[in-house]
Amino acid sequence: MYDIAKYEEAGSVQEAIELLLVNPNAMLISGGSDVLIKLHEGKIHDAQLISIHGIAELKGIFLKEDGTIVIGSGASFSQVSKHPIVQQYIPVLGEAVDMVGGPQIRNIGSIGGNICNGVTSADSASTLFAFNAKLEIQGPDGVRYIPIADFYKGPGKVDLRHEEILTTILIAPEDYQGYSGHYIKYAMRNAMDIATLGCVVLCNVEGGKKIKDFRLALGVAAPIPMRCKGTEEQVKGRIFTEALLEEVGKMAIEEVNPRTSWRASKEFRIQLIQELSKRAFRQAFINAGGEL
Amino acid sequence: MQSVGKNFPRIDGFAKVCGKAKYVDDFFEKDMLYAKIYRSTIANGWVKKIDISKAKAMPGVEAVITFEDVPKHMFPTAGHPYSKDPEHQDVADRNLLTQRVRLYGDEIAAVIAVDELTAEKALRLIEVEYEEYLPILTVEDSLKEEAIEIHEGTKNIIKTTDFSLGELEEAFAESDYIFEDEFITSMVQHCAMENHSAYSYIDENGKIVVVSSTQIPHICRRIIGQALGIPWGRARVIKPYIGGGFGSKQDIVVEPLVAFMTTVVHGKPVKLEFTREETFIASRVRHAFKFKFKTGVNKEGKIIARELTAISNNGAYASHGHSIASNCLTKFRHLYDQKAIRGEATTVYTNLPTAGAMRGYGIPQITFGLESHMEDIARELKLDPIEFRLKNSNQEGYIDPLSGICARSNGLAECVATGKDLIGWDRKKTNKSKDTGAKRRGLGMACFCYKTGTYPFGLELAGARIVLNQDGSIQLQVGATEIGQGSDTVFAQMAAETIGISIEMVSVVSSQDTDITPFDTGSYASRQTYVSGMAVKKAAEEIRMKVLNYAWGMTDIPASALTIIDGWIAYIHNGERVLSLADVALDSYYDTVFAAPITADVTNNARTNALAYGCTFVEIEVDMPTAKVEVLEIYNVHDAGRLINPKLAHAQVHGGVSMALGYALYEQMLFDCKTGRPLNSNLLDYKLMTTLDTPEIGTAFIETYEPTAPYGNKALGEPPAISPAPAIRNAIYDATGVKIYEVPMNPQRLFEKFKETGLL
Amino acid sequence: MLVKKITFKVNGKEVTIEVDIRESLLDVLRNKFHLTGVKKGCSVGECGACTVLIDNMAFDTCIYLAVWADGKEIRTIEGEAKDGKLSKVQQAFLDETAVQCGFCTPGFVMSTTEMLESGKNFSREQIKKELSGHMCRCTGYHNIMLAAEKALGREDKQAVQID
Ligand code: FES
Ligand code: FES
């Protein structure tokens, strides 16, 4: 039994917001794979939960008329990875969230929860950073939009007020059309693990050689997920060569700020950043139709 | 009909695939109460003050007990037979609850409540003040002159022992080369999928009944008796199916406390179930060791002298005490030959979780060092590492002068030849060019030798009881416990074989109940097929003889002319059937004059031991820039004597190898070095391999015949977990030229090594 | 107090009960229905021992609030054998000696059943991936993989065991 003091079910986002408004101590539960574990660990007790688990409007994945991809924050990882829209237009996101935990966790954990945790190792986050994803947040005063990069404030801290709910994740057409990518999750084991380092590269390739656009995003390379903007600028417009690959590895490590923890040392993570950004770049380049 | 040597499906398989097999937590007692332990949040110190009043006042709380409420005498916990010689008794160094805190998570108080959540919430209301000392986490710190004694009067040393054979100094002087190396092994946990759990109540006759997930019900009964200070017979232990043990349940962890707690609540049932986090730190772990090897070799590649110094980090309580380090000394002698040899081992207390038995009892640790050291010597001398090992290995007929253990069968050389073949050693070695790229492949191997049971160090008692039922079927009861390894199935095969009936006619009572089941010290030391198997054989032979004698009475055909074949009494000379076993059975129950049901109740006191051998061959690939090792191929080849059930035997090897792969590459318990707080005591942060991390595991056997065994068989439960780690280490050396001296060989460690050696 | 009435199907039978909102589905299945084949190895979604099928998808019941089961169809290991006859998956686990202590077995059987009923073809790697949310300490997964492959009709591609 979990140490839950109060439990309310919201039937809609509006209702959830209202419930949040009247109870400053309430917290949201969506998939549960985060909240319930914290309860088990004793990190939270006497929890007052508002469940948004059953809200259908949060689970949709669809394409807007203007080509924007919309992913409901309540969509589970397996719903995301198995969805035809994801598979067709942004397969790399599907691949990334398909590396979260194991199958049962992916059936319950939600992509919105993954983001709202604010942890740097979230498998979905670095990929969404690369896609310049925008977040739709609903609150008592209406809806606001925020780029995902601004949403992360620090480890475990996100720009979400108590009475607000992350409702959807949006990816604009100009951010995915023409792009292919590759995500590498480096962890101690191949399932049921959190990333020691997550690395994603998105490429837009012209004529098999020229890199029209290049994006490199990393998880666990800093306290929050990050983009290597400096490196990206240097790569845009260049012709793919092995030398460029090496350069990317070297440039990337200049931009990062990983930490030493009992899981891995800073030096080792830097080594991984250098190596994996090269590997992800090569594969993303190939996926984008590049010729080696 | 022959049963031994056949691939019978597990007799408990049906129940298990249906989810019908019942484990401790699957029993429901009316009005069960739930207990939770208050654990210390420091690693070393004293409880100065404790206030339980708020917890006691909480609705739903039945009782709160602290160290002040429990018996003052100390008790031991190791799953060893009792010794009448006080010198050889296990170290009694703990109370049910403690005021002296010896590890992070030590057990200070406990709450008994109507449900688990209430108990947990009550724990939060307990207030404790500590006097805190610096935690002692390493053996070096523990052995410092000024170190605080974790157990008074011990100087933090549980025991030091040594042995010496031959003139060591002379032998070293005679050696042409001398090699010295040091190795370190890490602390790991068994991670049986079922956590430690037990519940207890006082029955209508005043007995304290404990239902527990234990490998050693009879020993458990005695230790509950000792801990509570009650006559041992007043405790009754019942062991249902258990979800794995691997040695952590060869120790008494939850049972005495839960038995005590039921007495506090007037015999109401109380359950104490560890969470996974508790199982990690409060049950048992495998010892971290430090080994120093010194070896003298002559120009011909013969080992002349060997020396070992071992220090074992035993954690906060003695548990199995010095036995595991001492087992390292014994096994140090068995595999290889020399002129003179010396060993010394010390077991030390620290403020870490208590180390106890774990699959291999010290031998995975020492073999990691020994077989890595052997590899390095061979390579240094430009000798073929395999030939170097075989040239120096002990042969059939070898007798350990100190224990008297004799190798009456030894299939090591054949195992090695088979392993070499399976992996394509020679072909791959010839084709190998020196890798310099990002991915480098390497081959490695390692050998092992392992005892079967504990004789002559421990008493080896095993009981078996057989009853011939009215229809000619039999019921077999053993004191040895099925813990997943398949012992019930092979016992059924043994009984069927020896009596001369089909296995369908045998039913094994799987559960042990100390009030009903014959005495047996339990499941450990790879002893069951050998020691308990002999008890089964003796009981089956007795049944067989009694049946034939009874048939003699019925038919007037001398028993000496008869045998039992497939459930029929038949003539030996031509197999002609005389009458069915079912007829004899029915008569034995209902003949108005001669009725006397046929039973046998046998105890085997084994006074022999047998050495099992084997090796691992492995090919790996190292991804240099990411410092990751992938196992491409691995083969474990075993001489376990004759196999009773080949399919189950292979399955044992799969599991053991997998555990050893984890030991080699993934697993390690970590602690905050300032506070002693566990960092990864859960299954997310402690890296058990998943399906996606596990390579194909190749297994093969060389079947020798062990004459001292009931059916030619030798140890198999633990041996598979021994040699993979050094084999992988040697393969990494082969691939990269880098020698690793510590497990696990995980990416962080490899990265540091590659940096240090300029490979990155 | 904190109770909610829910209706769901368990192993084909519709039931309506009051659950404590603090209970996990694991608690309810084990303690109220005595479906003890649903095992608890960690309580936090790491071991997979508590796996059941909810609307034919595998979930860890330890981190699934019981109230969420309202309106769902739940299958546990206890419902898999029909009329004393093992399901194809159970039989394969038995035949391939994929069972040792048996504590992890129900979970593995349920996930394999989900795969089988999906009607899809799975490569060996995919099977491994689908089973990667279950931990087994006894078998090294070797025979479990053989059993899953057999149940999913991939015997032909089974690894050869050297005797
Ligand atoms: S008990 Fe649910 S995953 Fe371990
Ligand atoms: S059979 Fe024991 S955990 Fe899998």
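In what pattern do the helices and strands of chain C follow one another along the sequence? In this predicted model, chain C reads β-β-α-β-β-β-α-α-α-α from one end of the sequence to the other. The chain thus holds five helices and five strands. Its radius of gyration is 16 Å, and the globule rule gives 15 Å for 163 residues, so chain C is as compact as a globular protein of that length. Along the principal axes, the C-alpha trace of chain C spans about 60 × 30 × 25 Å.

Of the 163 residues in chain C, 65% are buried. Among the contacts of this chain with a separation of 6 or more, 52% are accounted for by residues 24 or more positions apart. The surface that chain C exposes is about 5700 Å², and carbon and sulfur atoms supply 47% of that area. Chain C carries 22 positive and 23 negative charges, and the mean positions of the two groups are 1 Å apart.

One residue of chain C has a backbone angle that calls for mention. C:Ser43 has a phi near 70°, which is a positive value in a residue other than glycine. This serine is found in the loop between α1 (25-32) and β3 (51-54) of chain C. The relative accessible area of C:Ser43 is 17%; the residue is therefore buried, the limit being under 20%.

Chain A contains 13 helices and 14 strands. For its 292 residues, a compact globule would have a radius of gyration near 19 Å, and the value for chain A is 19 Å, which agrees. The C-alpha trace of chain A spans about 60 × 50 × 30 Å along its principal axes. Buried residues account for 60% of the 292 residues. Of the contacts in chain A between residues at least 6 apart in sequence, 62% join residues at least 24 apart. The accessible surface of the chain comes to about 10900 Å², with 50% of it belonging to carbon and sulfur atoms. Chain A has 30 positive and 35 negative side chains, and 6 Å separates the centres of the two sets.

Two helices of chain A were examined further. Helix α8 (residues 123-130) is mostly covered, since eight of its eight residues are buried. The buried residues of α8(A) include the charged A:Asp123, and among them are also A:Ser124, A:Ala125, A:Ser126 and A:Thr127. A:Leu128, A:Phe129 and A:Ala130 are buried in this helix as well. Just after α8(A), A:Asn132 takes a positive phi of about 50°.

Helix α13 of chain A covers residues 266-287, which makes 22 residues. At 1.5 Å a residue this helix should span 32 Å, and its end C-alpha atoms are 30 Å apart, so the two values agree. The helix is followed by A:Gly289, whose phi is positive, near 90°.

In chain B, individual positions in loops were considered. B:Asp203 is placed in the loop between β9 (197-202) and β10 (208-212). Its relative accessibility is 11%, and B:Asp203 therefore counts as buried. Leaving aside neighbours within four places in sequence, B:Asp203 is in contact with B:Val209 and B:Arg236. B:Glu87 is 116 residues from B:Asp203 along the chain, and the C-alpha atoms of these two residues are separated by 36 Å.

Two cis peptide bonds were also found in chain B. B:Tyr455 and B:Pro456 are joined by a cis peptide bond with an omega of about 5°. B:Pro456 is found in the loop between β16 (439-450) and β17 (461-468). A cis bond also joins B:Val743 and B:Pro744, where omega is about -5°. The loop that holds B:Pro744 runs between α18 (724-736) and α19 (747-756).

A positive phi occurs in chain B at B:Ala627, where the angle is about 55° although the residue is not a glycine. B:Ala627 lies in the loop between β25 (612-623) and β26 (628-639) of chain B. With a relative accessibility of 0%, B:Ala627 counts as buried.

Conventions:
Residues are numbered from 1 along each chain as its sequence is written. Chains are lettered from A and ligands numbered from 1 in the order in which they are written. This is a predicted model: local features need pLDDT of at least 70, side-chain atom pairs count only at pLDDT 80 or more; totals for chains, interfaces and linings use all residues. Side-chain values use heavy atoms; hydrogens and water are left out. Helices (H or I, at least four residues) and strands (E, at least two) are DSSP runs, numbered from the N terminus. The expected span of a helix is 1.5 Å times one less than its number of residues. The radius of gyration is taken over C-alpha atoms; the globule rule is 2.2 Å times the number of residues to the power 0.38. Buried means under 20% relative accessible area, exposed over 50%, partly exposed in between (1.4 Å probe, protein chains only). Contact means heavy atoms within 4.5 Å. Accessible areas come from the Shrake-Rupley method with a 1.4 Å probe; for residues, only the protein chains shown count as cover. The place of a charge is taken as NZ of Lys, CZ of Arg, CG of Asp or CD of Glu.
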